[in-house]
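Trainee: Could we take a close look at one part of this protein? I'd like to go through its rings and what sits around them.

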Amino acid sequence: MLPLLRILLLVLMIAPVLGNASDPKSHEDGSHKKSSSETTTSNEPFLGPASEAKKLYKRYKRAYDKTIVAIACVKDPKCIDPEDEVLRYSKDALRILEKLDALASEGDVQANYYRGLIAFERMKYYDRQAEIVTHPDFILTNTVFRRYAKQQYGLAVKYFSVPAKINNPSACEYLGNLYLIAIVGNPQKEKAGLYFYNAANAYIEQGNQIAAARMYNAMKENIDPADPRIIQMYAKLHNKEPIATWRKLPSDLVQGAPKKAEQH
């Protein structure tokens, strides 16, 4: 009982602070009403080589995953790893998170994006836990998870807003999905539609027609189908560019020029 009690105390201490680790699986439940597919595109949110912010994000994920494995090991009587691994890995994750926070506070756009992504993932995790813990005897635990989910929601909106200001399509899509979630109140469909519209335009500029079409569908499902933005986006997605004048056409499509009439 002593090891289990110790690990439960550690989890309670770590959870609110580590409330920012990644959860690679997408969350589809009633809290998302007619949202988009939550950036399922495989495209990277930023072009070019991995930035310092992205490297910190990946390091954070690894440290947190090791923390979870260490917690599971302590609960297993056959595990021979030391119990202090939980604290060691959690401290590593916190140190990495502090570096990412420092970059974000300095205005680093990518740091704000990845910090928002961490908060978004943790928000989903706490929301799921609150849905699982519904027994009346554990109502306090449910309340704690709900509170953590709301905190992470606010952080996700705050950090994603920075890259969204420069129309980063992935950040705009995440914000659109956030405003459809009922964690902190009723869904705000008009705000969601605005961010989906911005994301669609940015995806089109990148040449990502599939992601732009996803944003178009999200707009159509959540705001007035007759909204001018939807009509405009439909036109952008379906109008084809004319054939370039400099491109040589196949010979069978080119009609020969009429011969000049013979002069008499």
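Which residue lies over the face of Tyr126, and at what distance from the ring centre?

Mentor: That's Arg122, which lies over the face of Tyr126 at 5.2 Å from the ring centre. Keep in mind that this is a predicted model. There's another arginine to look up as well: Arg88 lies over the face of Tyr89, at 4.6 Å from the ring centre.

Now for rings that pair with other rings. The count comes to 13 aromatic pairs. Take Phe46 and Tyr113: their ring centres are 5.3 Å apart, and with 90° between the planes the pair is edge-to-face. Phe46 lies in the loop between helix H1 (2-17) and H2, while Tyr113 is in helix H4, so this pair ties together parts that are 67 residues apart in sequence. Are these two buried or exposed? Phe46 has 15% relative accessibility, so it counts as buried. Tyr113 is buried too, with a relative accessible area of 4%.

Compare that with Tyr216 and Tyr234. Their ring centres are 6.1 Å apart and the planes sit at 50°, so this pair is tilted. Tyr216 is in helix H8 and Tyr234 in helix H9, 18 residues apart, and the pair links these distant parts of the chain. Tyr216 counts as buried at 11% relative accessibility, whereas Tyr234 is partly exposed, with a relative accessible area of 43%.

Back to Phe46 and Tyr113: they belong to one aromatic cluster, together with Tyr57, Tyr114, Phe120, Phe160 and Tyr174. Some of those names come up again in the nonpolar core. The largest such core has 58 residues, and Tyr113, Tyr114, Phe160, Leu175 and Leu178 are those with the most contacts inside it. Several helices each supply at least two residues of this core, among them H2 (52-75), H5 (139-164) and H9 (228-238). The largest share, 10 residues, comes from H4.

Try clicking on Leu178 to see how this looks from one side chain. Leaving aside residues up to four places away in sequence, Leu178 touches Phe120, Met123, Tyr153, Ala156, Val157 and Phe160. Apart from the 58-residue core lies another core, of five residues, including Ala70, Ile71, Val74 and Tyr89. You've met that last one already: Tyr89 is the ring with Arg88 over its face.

Key. Residues numbered from 1 in each chain as written. Predicted model: local features only at pLDDT ≥ 70, side-chain atom pairs only at ≥ 80, totals over all residues. Heavy atoms only, no water. Core = buried A, V, L, I, M, F, W, Y, C linked by side-chain atoms within 4.5 Å. Buried < 20%, exposed > 50% of the residue type's maximum accessible area, 1.4 Å probe, protein only. Helix = DSSP H or I, 4+ residues; strand = E, 2+ residues; numbered from the N terminus. Contact = heavy atoms within 4.5 Å. Phe/Tyr/Trp six-rings, centres within 6.5 Å; stacked < 30°, edge-to-face > 60°. Lys NZ or Arg CZ within 6 Å of the ring centre and 35° of its normal.
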